[in-house]
Amino acid sequence: MNVFSGHISNIQVSKSLSMISVAIDNAHILKAILVETPETASYLKEGKQISVLFKETEVIITPEEEPLISVENKIRATIAIIEKGELLSKVTLASSIGDIVALVTSEILEGLSLKEGQNVVAMVKVNEIMLSK
Amino acid sequence: MIKAHIYKTLRSAAGKMELDIELNIQKGQFVTLYGPSGAGKTSTLRIIAGLLTPDKGQISVGDTTWFDKEQKINSPTQQRKIGYVFQDYALFPNMSVRKNLEYALEKKQDKNIIDELISIVELEELQNRKPETLSGGQQQRVALARALVRQPEVLLLDEPLSALDINMRSKLQDYILKVHKAYHLTTILVSHDIGEIIKMSDMIYDLKDGRIQKVGEPMSIFTNNQLSGKFQFVGDVIAISKQDVFYIVTVLIGQSVVKVVAQEKEIVNLKIGDKVIVASKAFNPVLQKIEK
């Protein structure tokens with residue numbers, strides 16, 4: 001699991017859903033959508049310290065610098081380590097908020113010729129991010 | 001609704017223990033006393049039931065005082081509006097199921113309650129059988145119904161399901177929740193089963209050495225951090241298998257086996273038999289209707 005801590009910088013509520021923005025640092029905001037609102041979950045308060053969690057399998061990697069894609073959360077990173085498996089490979093990405101681990105198919109890793117040292121963008125959809133107190 | 005401050009020196013094979021417990025339970029709540037053996041859970045239930053007298057303290061339920069050392073009040077068990085179910089069913093072997101229930105009736109009490117209870121815990125087919133011809137789960141259903149004959153306000157359950165297999169447990173849990181709601185009971189359960197506690201309880205008192213360590217909702221007691229994932233289950237790790245660059249952890253949840261992909265750093269502190277929370281977001285699972 002990838003875990004980063006930050007504080008809640010914005011909350012948008014619509015019926016039972018909330019879009020929570022979590023500022024990891026000044027330059028990085030990660031957004032998560034929850035079936036929860038400040039009324040149902042006491043930890044949803046602006047300024048509250050919170051952890052952001054997402055699974056390695058949900059991290060999308062692209063070598064494009066400004067990808068046009070329907071994924072909200074984008075973090076610039078550099079490929080630090082590639083551990084190749086037969087079907088899946090583990091890619092450790094170094095970013096200014098810390099290491100992000102991605103599990104992607106070994107085939108696409110070759111297809112995109114991703115290599116250690118290369119600059120990429122790591123992406124995670126809002127519905128794949130969980131929050132933890 | 002139940003306010004209790006009880007203090008008693010208990011002596012057991014393990015030595016002397018000071019039970020010092022304060023409970024504040026709302027009407028209609030389902031509360032679990034959790035903790036290691038010898039923590040004082042059963043003694044607490046027995047004190048509430050009036051089967052054991054505290055050295056000092058007070059117990060009140062609603063506006064009625066059941067015990068007050070200073071005011072010298074100590075209502076006998078029969079006058080306390082409680083139902084008590086133990087692990088051991090303690091049914092009368094020579095009486096039918098129905099007779100076992102009728103025996104619990106108070107003088108002049110309306111007998112309609114017997115039919116109502118037989119119906120709510122679905123004993124219609126079994127009502128004329130003797131307890132020894134019933135399975136453990138069926139006997140415990142009779143014991144549960146019998147505990148409710150006098151229409152108690154408080155239901156005390158001392159590990160009532162621990163002798164039953166997992167299938168039976170799950171069914172009995174549903175019956176207990178059903179009567180808890182139907183009769184607006186305030187229920188205190190003693191249990192070790194975390195899955196059961198999370199399924200049943202609104203609030204947990206975590207006891208150790210006669211003291212309350214923690215009070216809270218089940219999820220906040222059993223997990224260090226509260227996850228936002230809506231799809232959460234508690235299970236037991238039954239296998240951890242290494243793939244090439246990751247691991248697959250197999251978890252038994254109730255009677256279902258699920259598999260979760262995990263990274264090395266997630267499994268370093270995990271071993272077979274550990275309890276885990278399996279969590280995902282409400283957005284990920286898909287539903288498929290089961291055709292009958």
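Read along the sequence, chain A of this predicted model follows the pattern β-β-β-β-β-β-β-β-α-β-β. Its secondary structure thus comprises 1 helix and 10 strands. Of the 133 residues in chain A, 31% count as buried. Among the contacts within chain A that link residues at least 6 apart in sequence, 59% join residues at least 24 apart.

Chain A also meets chain B: 20 residues of chain A are in contact with 17 residues of chain B. On the chain B side, the touching residues divide into 7 nonpolar, 6 polar and 4 charged.

Within chain B, two hairpins were examined. Strand 4 (residues 56–61) and strand 5 (residues 64–68) of chain B pair in the antiparallel sense over 4 bridges. In this pairing, Ser60(B) stands opposite Thr65(B) of strand 5. The hairpin formed by strand 4 and strand 5 of chain B has 2 residues between the strands, and Gly62(B) takes a positive phi near 60 degrees there. Strand 5 of chain B also pairs with strand 6 (residues 73–74) of chain B, again in the antiparallel sense, over 2 bridges. Here Asp68(B) has Ile73(B), in strand 6 of chain B, as its bridge partner. Between strand 5 and strand 6 of chain B, the hairpin has 4 residues, and Lys72(B) in the turn shows a positive phi of about 55 degrees.

Helix 5 of chain B was considered next. This helix spans residues 166–182, 17 residues in total, and reaches 24 Å from its first C-alpha to its last, close to the 24 Å expected at 1.5 Å a residue. Four of its residues, Arg169(B), Leu172(B), Gln173(B) and Ile176(B), are buried. These buried residues lie on the same side of helix 5 of chain B because they cover an arc of only 110 degrees around the axis. In general, an α-helix has 3.6 residues a turn, so residues three or four places apart point the same way. The buried residues of helix 5 pack against three elements of chain B, namely helix 4 (136–147), strand 8 (154–158) and helix 6 (194–200). On the other side of helix 5 of chain B, Asn167(B), Asp174(B), Lys181(B) and Ala182(B) are exposed. Just after helix 5 of chain B, His184(B) adopts a positive phi of about 45 degrees.

Conventions:
Residues numbered from 1 in each chain as written. Chains lettered and ligands numbered in written order. Predicted model: local features only at pLDDT ≥ 70, side-chain atom pairs only at ≥ 80, totals over all residues. Contact = placed C-beta atoms within 7 Å. Nonpolar A, V, L, I, M, F, W, Y, C, P; charged D, E, K, R; others polar. Expected span 1.5 Å × (residues − 1). Buried ≥ 20, exposed ≤ 12 C-beta atoms within 10 Å, placed from the backbone. Arc of directions from axis to C-beta. Pairing = 2+ DSSP bridges.
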